Amino acid sequence: GELILIDGPPGIGCPVHAAVTGADLALLVTEPSFSALHDLERALDTVTGFGIPAQVVLNKADLSEALAERVREFCKHRDLPLLGEIPFLEEIQEALEAGKAMSSIEDGKLQEVLDTIWLAVKNAMAFDHHKRMSLEKQ
């Protein structure tokens, strides 16, 4: 099957609606801040309003342990899978500024987190594909 990844904009406006329309899964990336937590809640309400399942990645997770814990609690309360926590690394910003992928960074822990996130997304997509196929056969 074909897999198309769309990097949608932040927020909940019309560009977000266009990016998620027809999507099978929304991967919501957030950070440990009050504004990001508020945006996460609004984004979750938006995608679930479209009937799209959502999962979360916590970026820059180690900038504030207290706020990271609030994100974890929010995910638990909303029964929202938290796939992984990406640490703050200056190498990530340097790679992005150089137009390189995060996978080019030689950091074992980062690669482990990215691999875990990717595997979880692939598994969710495979499950959704099989579920959709069985529903179409009925």
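Which elements do the buried residues of α2 pack against? In this predicted model, the buried residues of α2 pack against two helices, α1 and α3 (65–77), and against two strands, β1 (26–30) and β2 (54–58). The residues of α2 that are buried are Ala36, Leu37, Leu40, Ala43, Leu44, Thr46 and Val47.

The length of this helix can be checked by a short piece of reasoning. Helix α2 covers residues 34–49, and because each of its 16 residues should add 1.5 Å, with the count taken as one less than the number of residues, the expected span is 22 Å, which agrees with the 23 Å between its end C-alpha atoms. Just after α2, Gly51 takes a positive phi of about 75°.

Strand β2, one of the elements that the buried residues of α2 pack against, holds Gln55. Gln55 has a relative accessible area of 10%, so this residue counts as buried, the cut-off being under 20%. Apart from neighbours within four places in sequence, Gln55 is in contact with Leu25, Ala26, Leu27, Leu28, Leu80, Pro81, Leu83, Ala120, Val121 and Ala124.

Leu3, by contrast, lies in the segment before α1 (14–20), and its relative accessibility of 46% means that Leu3 counts as partly exposed. Together with Leu5 and Trp118, Leu3 makes a nonpolar surface patch of about 320 Å².

The two residues with a stated accessibility are set out below.

| Residue | Place | Relative accessible area and class |
|---|---|---|
| Leu3 | segment before α1 (14–20) | 46%, partly exposed |
| Gln55 | strand β2 | 10%, buried |

Technical notes: Residues are numbered from 1 along each chain as its sequence is written. This is a predicted model: local features need pLDDT of at least 70, side-chain atom pairs count only at pLDDT 80 or more; totals for chains, interfaces and linings use all residues. Side-chain values use heavy atoms; hydrogens and water are left out. Patches are made of residues with over 30% relative accessible area and no salt bridge: like charges are joined within 9 Å, nonpolar side chains (Val, Leu, Ile, Met, Phe, Trp, Tyr) within 5 Å. Accessible areas come from the Shrake-Rupley method with a 1.4 Å probe; for residues, only the protein chains shown count as cover. A salt bridge is a side-chain nitrogen of Lys or Arg within 4 Å of a carboxyl oxygen of Asp or Glu. Helices (H or I, at least four residues) and strands (E, at least two) are DSSP runs, numbered from the N terminus. Buried means under 20% relative accessible area, exposed over 50%, partly exposed in between (1.4 Å probe, protein chains only). Contact means heavy atoms within 4.5 Å.
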